Amino acid sequence: TASLAEIDPAVAAALDAERDRQRDTLEMIASENFAPLSVMQAQGSVATNKYAEGYPGRRYYGGCQHVDVIESLAISRVCGLFGAAYANVQPHSGAQANAAVLFGLLQHGDTILGLDLAHGGHLTHGMRLSYSGKAFDAVAYHVDATGSVDMEEVAALARERRPKLIIAGWSAYPRQLDFAAFRAIADEIGAYLWVDMAHFAGLVAAGVHPNPVPHAHVVTSTTHKTLGGPRGGIVLTNDPDIAKKIDRAVFPGLQGGPLEHVIAAKAVSFLIAAGDDFADRQRRTLRGARIIADRLTQPDVAAEGVRVLTGGTDVHLLLVDLVASTLDGKQAEDRLHEVGITVNRNSVPNDPRPPMVTSGLRIGTPALATRGFGDEAFAVVADVIAEALRADLPVERIAELRATVAELASAHPLYENVL
Ligand code: PLP
């Protein structure tokens with residue numbers, strides 16, 4: 001019954017410090033968000049104690065009647081949210097959900113076609129050191145000179161390399177994909193189309209981004225990015241045969257006991273994602289990203305050498321191109337850190353600088369929108385970022401910008417505005 005602070009002061013202190021960091025700085029890592037207290041409450045619950053190998057109604061352990069209710073709720077809610085007939089809510093992470101697709105639908109050595117990591121793809125879409133690149137023959141498509149996915153290259157590579165599966169999805173891309181065009185290419189060569197909507201699932205749930213579910217054979221997502229739930233993964237499909245293959249691939253293929261406490265938290269987050277407040281949050285997320293992209297593309301505002309890839313954004317993030325700036329990605333990330341804004345550096349297509357340095361930044365608005373930021377506050381953030389990226393910024397301005405950031409943070413208290 002002793003508290004965490006009494007039993008383990010070291011971990012308790014680090015958690016307190018992490019909470020303060022989240023509260024006192026502006027979180028703009030595009031893949032991060034703040035999970036609501038109700039979600040964290042479900043995750044920190046007694047369901048953490050339960051083994052439940054199998055699926056609701058078909059378990060290999062006794063005493064599963066209550067976790068069956070929880071998992072069934074999660075399944076029916078997520079199916080309703082995205083208009084899917086089948087869902088597996090057990091993957092421990094996005095990478096596990098993606099593994100279930102590849103190992104469930106393909107044989108080792110089969111060819112897959114996905115967006116190059118250096119052009120915005122994800123590790124699990126065929127990167128050499130990931131299971132996806134080791135167990136499969138991974139071919140990559142790219143973005144063209146405008147920064148948009150080159151659908152002609154996708155079609156040409158599909159015809160030439162005959163992949164068994166085509167992946168549409170990204171971790172660092174500021175535009176929407178044409179799911180129907182991807183499906184037409186997949187159908188032409190008899191391949192599966194898998195959409196990984198990890199980044200934009202929250203936008204889809206809110207109806208402010210096209211839904212890939214009607215177009216794809218299978219869709220995966222994380223639950224902790226724009227969707228705003230606990231860390232974890234899901235797989236959706238409308239095809240009963242694919243659903244069976246995915247279920248078998250998740251358990252017993254890749255995982256043992258499901259994390260029913262996380263599944264409880266997923267269920268809560270799906271309920272929240274169906275509400276009006278959530279939709280408003282996703283609209284503020286989109287507008288915030290556009291406001292920042294607009295500021296950074298205005299010649300009189302943007303620092304020298306700072307550009308925005310594709311000239312703007314349709315989603316919750318923008319990609320800053322620093323190829324022509326004397327600040328590299330690492331220096332820019334450090335500069336924003338100094339003023340109290342957390343982002344991550346990111347390679348841009350054909351980046352001349354090495355991967356640990358890069359020539360880009362990925363800036364996202366979901367976490368701030370969850371904190372209650374609206375257009376006015378995002379406009380202030382946009383000005384701070386634009387000024388902070390000046391290579392010749394005087395030292396005394398850094399402290400002033402940090403003070404502006406601190407004011408914004410305290411005007412949007414963490415966990416007061418989070419549903
Ligand atoms: N898919 C995409 C598109 C992602 O961006 C990510 C995470 O960055 C993942 C999958 C993997 O999710 P996780 O980190 O939960 O394994």
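1. Is strand β8 (residues 192-196) mostly covered or mostly open? Mostly covered: four of its five residues are buried. Note that this is a predicted model.

2. Strand β8 has a parallel partner in strand β7 (residues 165-169), and five bridges join the two. G169 of β7 has D196 of β8 as its bridge partner.

3. The connection from β7 to β8 involves helix α8 (residues 179-189). Together, β7, α8 and β8 form a β-α-β unit, and the unit is right-handed.

4. Strand β8 also pairs with strand β9 (residues 218-222). This pairing is parallel too, with three bridges. D196 appears again here: its bridge partner in β9 is T220. D196 thus has a bridge partner in β7, G169, and one in β9, T220.

5. Now the ligand. Its shell holds 15 residues, and the closest are S93, G94, A95, S171 and A198. Helix α5 (residues 94-105) gives the most to this shell, with three residues. By class, the shell has eleven polar residues, three nonpolar and one charged.

6. S72 sits in helix α4 (residues 65-82). Why does S72 count as partly exposed? Because S72 has 16 C-beta neighbours inside 10 Å, and partly exposed lies between the limits of 12 or fewer for exposed and 20 or more for buried.

7. S72 and D351 are 279 residues apart in sequence. In space, their C-alpha atoms are 46 Å apart.

Technical notes. Residues numbered from 1 in each chain as written. Predicted model: local features only at pLDDT ≥ 70, side-chain atom pairs only at ≥ 80, totals over all residues. Pairing = 2+ DSSP bridges. Right-handed = clockwise from strand over helix to strand, strands pointing away. Near = placed C-beta within 6 Å. Nonpolar A, V, L, I, M, F, W, Y, C, P; charged D, E, K, R; others polar.
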